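Me: Could you take a close look at one part of this structure for me? I'd like to start at the end of a helix and then see what surrounds the rest.

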Amino acid sequence: MPRFRLRFLLQEFDLVGPEVVIGRSPDCHITIEDPLISRRHARVVIHDDTATVQDLGSRNGVRVNGRLIKGEQVLREGDRIRIGTQELVFAVVRAEQRAARPTGYMRVCHSCNTPYPEGSPQCPHCGAPPASEEDTMSGVMVEPKRSWTFQLLGEVIERALASGKALEAERLMRRAAKEVDERLAAGERLDPAHVSMIAQFAVRLARLVGGSEWVAWVLTLHRRQGMMLSDDVIDRIEEVDLDAFPDAKAVLDGYLAWFRSQHAGAGPSPDFARLTRLEQLRRG
């Protein structure tokens with residue numbers, strides 16, 4: 001009879017039936033600290049020679065190979081189970097295979113240069129398949145850069161904003177902002193599409209809760225990235241009453257002055273069309 005395991009980063013967990021509960025609570029069989037994981041998020045049930053996964057009514061659901069599940073789903077070798085922002089790989093263990101241990105092997109994706117578990121059939125961050133020239137690292141603890149973290153946070157923030165849940169939206173937004181600020185402080189360059197997405201959420205939050213904090217954060221973020229606001233972000237700012245946010249106006253003045261100094265003498269471009277929109281917005 002086969003045995004089953006879950007691989008999580010460089011750890012492997014034997015699944016001992018009849019069920020294994022995964023969640024944020026220390027009472028779970030597998031505990032993962034992640035604010036987007038519910039206290040009792042999911043469970044894996046062992047049925048003789050098969051295993052199934054089930055959502056336990058979590059707020060953000062369970063995804064298998066990228067698809068949100070409903071009810072029980074049978075697991076197969078190599079299936080990727082995502083809860084919160086974490087991903088676990090399901091494995092079937094044969095009798096001749098080695099015992100589980102807390103270290104494993106990591107590959108470095110040739111496409112996005114991000115480490116990921118060897119057992120994954122493709123890079124979980126960008127979707128690229130393994131390539132022969134990839135490097136393998138053994139027994140190294142690596143904090144992966146998960147681009148899909150922004151996608152998941154975006155989905156949750158979107159739901160909170162759409163339902164008018166200001167406190168929940170702001171709590172999630174602060175988590176996203178903290179991750180963005182930490183990456184910038186480490187010298188990383190963020191994907192402009194991710195910057196635009198999170199900036200739009202921040203401006204929508206500013207309208208919902210009032211105050212200039214989130215508009216100012218958006219402008220500062222783009223200045224730190226050295227980029228002009230996208231048309232979508234400007235569309236959102238145009239929906240805000242800047243006269244009610246004098247602090248945001250001061251930050252906007254600083255951003256406009258910075259952009260002009262950085263691009264003095266440059267020819268026409270979409271950036272300068274957006275600059276004109278911002279200047280008109282500032283004049284009211």
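Reply: Right after helix H2 comes Gly-187, with a positive phi near 90 degrees. This is a predicted model, where local features need pLDDT of at least 70, side-chain atom pairs count only at pLDDT 80 or more, and totals for chains, interfaces and linings use all residues. Residues are numbered from 1 along each chain as its sequence is written, and side-chain values use heavy atoms, leaving out hydrogens and water.

H2 itself covers residues 166-185 (helices are DSSP runs of H or I with at least four residues, strands runs of E with at least two, numbered from the N terminus). Its 20 residues should span 28 Å at 1.5 Å a residue (1.5 Å times one less than the number of residues), and the end C-alpha atoms are indeed 28 Å apart. Along H2, the buried residues (under 20% relative accessible area) are Glu-168, Ala-169, Glu-170, Leu-172, Met-173, Ala-176, Ala-177, Glu-179, Val-180, Arg-183 and Leu-184. An α-helix has 3.6 residues a turn, so residues three or four places apart point the same way.

Helix H6 makes a good companion to look at next. Residues 246-262 form this helix of 17 residues, which reaches 25 Å from its first C-alpha to its last, close to the expected 24 Å. Ala-248, Lys-249, Leu-252, Tyr-255, Leu-256, Trp-258 and Phe-259 are the buried residues of H6. Among the elements covering them are helix H4 (213-225) and helix H7 (270-283).

Just before H6, the loop that links it to helix H5 (231-238) holds Val-240. Val-240 is buried, at a relative accessible area of 8%. Leaving aside residues up to four places away in sequence, Val-240 touches Val-203, Arg-207 and Phe-245 (contact means heavy atoms within 4.5 Å). The C-alpha atoms of Val-240 and Val-215 are 9.1 Å apart, although 25 residues separate the two along the chain.

Now for the strands, with S11 (residues 86-93) as the centrepiece. Eight of the eight residues of S11 are buried, so this strand is largely enclosed by the rest of the structure. In a regular strand the side chains alternate between the two faces of the sheet. Both faces of S11 are covered, with Gln-86, Leu-88, Phe-90 and Val-92 buried on one side and Glu-87, Val-89, Ala-91 and Val-93 on the other.

Two strands pair with S11. Strand S1 (residues 3-8) does so in the antiparallel sense over five bridges (pairing takes at least two DSSP bridges), and Arg-3 stands opposite Val-93. Strand S10 (residues 80-83) is also antiparallel to S11, over four bridges, and here Ile-83 faces Gln-86. S10 and S11 make a hairpin with two residues between them, and Gly-84 in that turn has a positive phi of about 60 degrees. S1 is joined as well to strand S2 (residues 11-15), antiparallel and through five bridges, with Phe-8 and Gln-11 as bridge partners.

One side chain in that hairpin deserves a look. Arg-80 lies in S10 and is buried, with a relative accessible area of 11%. The side chains of Arg-80 and Glu-87 are joined by a polar contact of 3.4 Å.

Stepping back, the protein has seven helices and 14 strands. Of its 284 residues, 47% count as buried. Among contacts between residues at least 6 apart in sequence, 54% join residues at least 24 apart.

Finally, a word on confidence. The mean pLDDT (the predictor's confidence in each residue, from 0 to 100) is 79, and 76% of residues reach 70 or more. Strand S6 (residues 50-55) has the highest mean, 94, while strand S14 (residues 136-138) has the lowest, 34. Over residues 97-106 pLDDT stays under 50, and the model has 34 contacts beyond four places in sequence for them. The stretch 132-146 also stays under 50, with 42 such contacts. Where pLDDT is low, the predicted coordinates should not be read in detail.

Terms used
Buried means under 20% relative accessible area, exposed over 50%, partly exposed in between (1.4 Å probe, protein chains only). A polar contact is a pair of N or O atoms within 3.5 Å; within protein, one must be able to donate a hydrogen and the other to accept it, and residues adjacent in sequence count only if both atoms are side-chain atoms.
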